[in-house]
Amino acid sequence: MKTVFSGIQPTGKVHLGNFLGAIKNWVYLSEQDNKNFFCVVDLHSITTHPDPQELNSNIGNTLKLLIAAGINLENSIIYAQSKVPQHAYLSWILSSFSQVGELQRMTQYKEKADTLGSHAGIFTYPVLMASDILIHKANEVPVGDDQTQHLELTRNIAERFNNNYGEIFPLPAKSSGKSGARLMSLKHPDKKMSKSSDDINGTIYFDDDKDTIMKKFKSSVTDSSDNIQYDLIEKKGISNLIDIYASINDVSHEEVEKTFKNSQYGEFKMAVGESVSEYLTPINLKFIELEKENISEIINSNLQEAQSSAESTVQEVNNILGL
Ligand code: TYM
């Protein structure tokens, strides 16, 4: 049986990119015969120095949102990273198998160093990510395209450890959907859709109501032709909309082009907005319901499983290292 691991930071509001790039695939994988770990990676969020109260409420809300999204808890464990200190422990060990040069080459490190200022947390961030994945010996990591480099690094770290101490860690593979792995801002289609609050009209948040969603799609940036064609060089805006529609409706880019061959941009934008609203609204309604509920029983039993899986890897690693 395959072991799947993935994570999401509890910073800012979860957006459509997080859903189509990651959570939608988590839900799919949770319906297959896998052992899944989906983690709210709150230790990673410390790198942004968040407000403690806000962080605390975001952690709980993100866990609830994963349940609202439909993750099957029969074979999936959801938990907060900081409650399993073995992640940070293994990260220290793995740092001795990580090279400064490769960490310096991480694109996200360079981007974050520009905005957050350069501190050691954003530099060693990918080592903690490797630890998240390896602590449960995951084989598959469903993420968006922005995490590709971090996954390659994880494999390198695992391989280096294995070369020294034997085949301890499987080399994890990245998985993404055929579409939706890199959603762009609706307002700036050359920039990734992100949580940053300076682009609220370019980002669809999970709790946007239908009106807001339709308005955002209506005013999305496209081009001056009226040709619904997937072309990432000349037509970034419309390609992004095609990608969103394809991902939500589980069809190919070509099928979208065919369906909307005779439509104009205005019509197509409304069809994409409708699809997005149909996808997000039930999740948001379920989330609102769960907000009032106490889910501590589910969280505690999931946590115990996560701790025991992580502890068994730590014991193995300790034995091998002679600790
Ligand atoms: P985070 O919290 O930024 O994003 C969570 C997931 O959403 C995906 N994503 C996107 N997918 C498509 N289009 C977008 N515009 C978009 N924006 C975000 C991300 O690729 C991710 O899959 N470092 C990770 C969290 C993490 C992690 C891990 C992931 C920590 N440890 C171990 C996997 C395995 C992050 O910041 O994701």
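Is Asp 146 buried, partly exposed or exposed? At 26% relative accessibility, Asp 146 counts as partly exposed. Keep that residue in mind, since it turns up in two of the close-ups below. One thing before we start: the model you're looking at is predicted.

**View A. Meet the ligand and its neighbours.** There are 28 residues around the ligand, and the ones that come nearest are Gln 9, Tyr 125, Asp 132, Asp 146 and Leu 183. What kinds of residues make up this shell? It's a mix: 12 nonpolar, 11 polar and 5 charged.

**View B. Polar atoms reach the ligand.** Zoom in on Asp 146 and you'll find a polar atom of its side chain 2.4 Å from an oxygen atom of the ligand. Over at Tyr 125, an N or O atom of the side chain sits 2.7 Å from a nitrogen atom of the ligand. Gln 147 joins in too, with a polar side-chain atom 3.4 Å from a ligand nitrogen. How much of the ligand does the protein cover? Taken on its own, the ligand has 710 Å² of accessible area, and the protein covers 96% of that. Three elements each give two or more residues to the shell: β1 (2-8), α1 (16-30) and α7 (120-135).

**View C. Asp 146 again, this time with a lysine.** Asp 146 also forms a salt bridge with Lys 192, and their closest N and O atoms are 2.8 Å apart. Follow the chain and you'll see that this pair links distant parts of it, 46 residues apart. Asp 146 is in the loop between β4 (140-142) and α8, while Lys 192 is in the loop between β5 (173-175) and α9 (210-218). Lys 192 counts as partly exposed, at 29% relative accessibility.

**View D. Two helices, one salt bridge.** The structure holds 12 salt bridges, and here the side chains of Arg 160 and Glu 102 meet in one of them, with 2.7 Å from N to O. Why does this pair tie together separate parts of the chain? Arg 160 belongs to helix α8 (residues 148-165) and Glu 102 to helix α5 (residues 100-104), so the bridge connects parts that are 58 residues apart in sequence. If you're wondering what draws such partners together, side chains of opposite charge can pair when their charged atoms come close. Glu 102 is buried, with a relative accessible area of 5%, whereas Arg 160 counts as partly exposed at 22%.

**View E. A salt bridge between two loop residues.** Lys 235 and Asp 223 form a salt bridge, with their closest N and O atoms 3.5 Å apart. Both residues are in the loop between α9 and α10 (236-249), at positions 12 residues apart. Which of the two labels, buried or partly exposed, fits Lys 235? Lys 235 counts as buried, at 8% relative accessibility. Asp 223 counts as partly exposed, with a value of 24%.

**View F. A strand wrapped up on both sides.** Strand β3 (residues 76-80) has 5 of its 5 residues buried, so the rest of the structure largely encloses it. Look at one face and you'll find Ser 76, Ile 78 and Ala 80; turn to the other and there are Ile 77 and Tyr 79, all of them buried. Next door is strand β2 (residues 34-40), which runs parallel to β3 and is joined to it by 5 bridges. For a spot to look at, try Asn 36, whose bridge partner in β3 is Ser 76.

Key
Residues numbered from 1 in each chain as written. Predicted model: local features only at pLDDT ≥ 70, side-chain atom pairs only at ≥ 80, totals over all residues. Heavy atoms only, no water. Near = heavy atom within 4 Å. Polar contact = N/O pair within 3.5 Å; in protein donor to acceptor, adjacent residues only side chain to side chain. Areas by Shrake-Rupley, 256 points an atom, 1.4 Å probe, with all protein chains shown as cover. Helix = DSSP H or I, 4+ residues; strand = E, 2+ residues; numbered from the N terminus. Nonpolar A, V, L, I, M, F, W, Y, C, P; charged D, E, K, R; others polar. Salt bridge = Lys/Arg side-chain N within 4 Å of Asp/Glu carboxyl O. Buried < 20%, exposed > 50% of the residue type's maximum accessible area, 1.4 Å probe, protein only. Pairing = 2+ DSSP bridges.
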